[in-house]
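Biologist: I have not looked at this model before. Please take me through it, and give the reasoning behind each label.

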Amino acid sequence: MTDVQTAATTHPAPGVLGRIFGNSQDGATGDGHEQVVLCHDRSSGLKAIIAIHSTALGPALGGTRFFPYASEEAALEDALNLSRGMSYKNALAGLDLGGGKAVIIGDPNRDKNEAMLRAYGRFVESLRGRYITACDVGTYVQDMDVVARETEFVTGRSPENGGAGDSSILTAFGVFQGMRASAQARWGQPTLRGKRVGVAGVGKVGHYLVGHLVADGAVVVVTDPFEAAVNRVRAAHPEVEVVADTAALLQAKLDVYAPCALGGALTDDTVAALGEFGTSVVCGAANNQLAHPGVEKDLADRGLLYAPDYLVNSGGVIQVADEIDGFNFERAKNKATKIFDTTLEIFTRAAADGVPPAVAADRLAEKRMREISALRSVLLPAARRA
């Protein structure tokens with residue numbers, strides 16, 4: 001196996017080093033990642049990137065995405081975006097954990113194998129606990145069990161191996177709590193009963209979210225490019241309406257739009273369509289929903305109430321974080337229930353400060369990271385240091 005390499009030994013796309021080190025080439029402030037690691041194991045074919053954005057609150061916790069990226073630069077860009085989002089997500093969730101994320105380059109349906117996952121586990125182990133991994137798109141509980149054969153710094157393992165199991169369960173539950181809070185803020189009642197909710201993506205998280213919505217009395221419309229995912233929802237909930245694609249979903253006269261697939265779902269055109277067809281609330285499970293800076297203002301200007309993605313989808317990280325000290329589902333669920341209160345707090349702060357909810361959420365997360373980081377500058381005896 002090759003040695004761990006830092007990003008400085010590669011030749012990333014122009015401007016990417018600025019994002020890692022905190023200064024872009026045009027002089028603007030960047031993300032300031034602490035560490036970016038390239039992982040390459042020739043024998044198994046592993047090509048992976050581990051990005052640690054911040055350990056201000058504790059070890060960086062975030063999942064591993066297995067995805068057929070168009071280029072290594074695209075994979076690096078995704079790792080940087082996702083790891084930064086994890087810092088904010090963990091901070092806002094009240095966890096004593098920093099933000100990190102990993103991506104494995106390849107098609108999980110074709111390329112994934114035991115040797116590759118174990119090689120990846122050894123790279124995680126080489127970081128000695130600075131990064132703790134878990135599941136994400138393209139990786140599952142059984143994969144984390146394999147990774148755990150090479151490292152102790154892994155969560156989201158199967159219950160039979162002492163783990164929390166499928167983190168999609170509390171991810172969906174948390175998104176539902178955020179949606180309930182959005183309904184309270186917009187319509188005065190914390191329920192989706194009678195509201196028309198469109199779910200784009202009914203895979204790992206989306207199909208659980210549909211179950212919560214149907215039970216609450218919502219009228220649910222879904223779309224997903226994978227027929228198997230749609231058929232699973234239809235089998236469980238025959239009353240759910242299915243449309244061909246996201247474009248059709250946006251035109252379905254929704255009260256709530258829930259993007260639950262990959263990031264970048266909220267583009268200028270998407271937001272314009274939501275506004276044109278009368279949608280009131282945007283609240284979904286996907287990470288990094290805002291396609292570019294400024295979309296959050298466009299949402300607010302069009303009267304769309306946006307529940308920040310990393311706030312409402314934090315139930316999954318709450319679930320796997322609970323595994324670190326010995327998993328208890330009810331304890332984790334109780335923590336995820338508080339997403340309702342935090343979402344209402346963000347809406348209140350946003351209204352008071354005259355800013356979009358995404359800005360208010362960022363400010364609250366940054367405040368916690370700043371304050372706790374300063375607290376940890378106080379020297380403790382060696383036996384008490386975290």
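Modeller: We can start with Asn-288, which sits in the loop between strand E12 (281–282) and helix H10 (295–301). The model is a predicted one.

Biologist: Why does Asn-288 count as partly exposed?

Modeller: Its relative accessibility is 28%. Buried means under 20% and exposed means over 50%, so 28% falls in between and Asn-288 is partly exposed. Asn-288 also has a positive phi, about 50°, although it is not a glycine.

Biologist: Which other residue has a positive phi although it is not a glycine?

Modeller: Lys-253, with a phi of about 55°. Lys-253 is in the loop between helix H8 (246–250) and strand E11 (256–259).

Biologist: What makes Lys-253 exposed?

Modeller: Lys-253 has 63% relative accessibility. The label exposed needs a value over 50%, so Lys-253 earns it.

Biologist: Which residues lie nearest the centre of the second largest pocket?

Modeller: Asn-288 is one of them, with Asn-81, Arg-84, Leu-290 and Pro-293. The lining has 33 residues in total. Strand E5 (64–67), helix H2 (72–92), helix H11 (309–312) and helix H15 (357–375) each give two or more residues to this lining. H2 gives the most, with eight residues. The space in the pocket is about 940 Å³.

Biologist: How does that lining divide by class?

Modeller: It has 14 nonpolar, nine polar and 10 charged residues. Arg-84, one of the residues nearest the centre, counts as charged because Arg belongs to that class.

Biologist: How many aromatic pairs does a search of the whole structure find?

Modeller: Three. In one of them, the ring centres of Phe-67 and Tyr-69 are 5.1 Å apart, with the planes at 65°.

Biologist: Why is the pair of Phe-67 and Tyr-69 called edge-to-face?

Modeller: Two conditions are checked. The centres must lie within 6.5 Å, and 5.1 Å meets that. The planes must be over 60 degrees apart, and 65° meets that too, so the pair is edge-to-face.

Biologist: Are Phe-67 and Tyr-69 buried or partly exposed?

Modeller: Phe-67 has 27% relative accessibility, so this residue counts as partly exposed. Tyr-69 has 13%, which is under the 20% limit, so Tyr-69 is buried.

Modeller: Tyr-88 and Tyr-310 also form an edge-to-face pair, at 5.8 Å centre to centre and 70° between the planes. This pair links distant parts of the chain: Tyr-88 is in helix H2 and Tyr-310 in helix H11, 222 residues apart. Both are buried.

Biologist: How do you know that Lys-204 lies over the face of Tyr-140?

Modeller: Lys-204 is at 4.6 Å from the ring centre. The distance limit for a charge over a ring is 6 Å, and the charge must also be within 35 degrees of the ring normal. Lys-333 lies over the face of Phe-173 in the corresponding way, at 5.1 Å from the ring centre.

Biologist: How many disulfides does a search of the whole structure find?

Modeller: Zero. A disulfide is a covalent bond between the sulfur atoms of two cysteines. In this search, the sulfur atoms must be within 2.5 Å to count.

Biologist: What makes Cys-39 and Cys-135 buried?

Modeller: The limit is under 20% relative accessible area. Cys-39 has 2%, so it is buried. Cys-135 has 14%, so Cys-135 is buried as well.

Biologist: Where is Asn-90, and why is it called buried?

Modeller: Asn-90 is in helix H2. Its relative accessibility is 0%, under the 20% limit, so Asn-90 counts as buried. Asn-90 and Val-317 are 227 residues apart along the chain, while their C-alpha atoms are separated by 7.4 Å.

Biologist: What makes Lys-112 partly exposed?

Modeller: Lys-112 has 22% relative accessibility, which is not under 20% and not over 50%, so the label is partly exposed. Lys-112 lies in the loop between strand E6 (98–105) and helix H3 (114–126). From Lys-112 to Asp-143, 31 residues apart in sequence, the C-alpha distance is 9.2 Å.

Note on methods. Residues numbered from 1 in each chain as written. Predicted model: local features only at pLDDT ≥ 70, side-chain atom pairs only at ≥ 80, totals over all residues. Heavy atoms only, no water. 1 Å grid on protein atoms, 1.4 Å probe; cavity = no way out; pocket = protein on both sides within 12 Å on 5 of 7 lines; lining within 4 Å. Points joined across faces, edges and corners; volume = space filled by probe spheres on them. Helix = DSSP H or I, 4+ residues; strand = E, 2+ residues; numbered from the N terminus. Buried < 20%, exposed > 50% of the residue type's maximum accessible area, 1.4 Å probe, protein only. Phe/Tyr/Trp six-rings, centres within 6.5 Å; stacked < 30°, edge-to-face > 60°.
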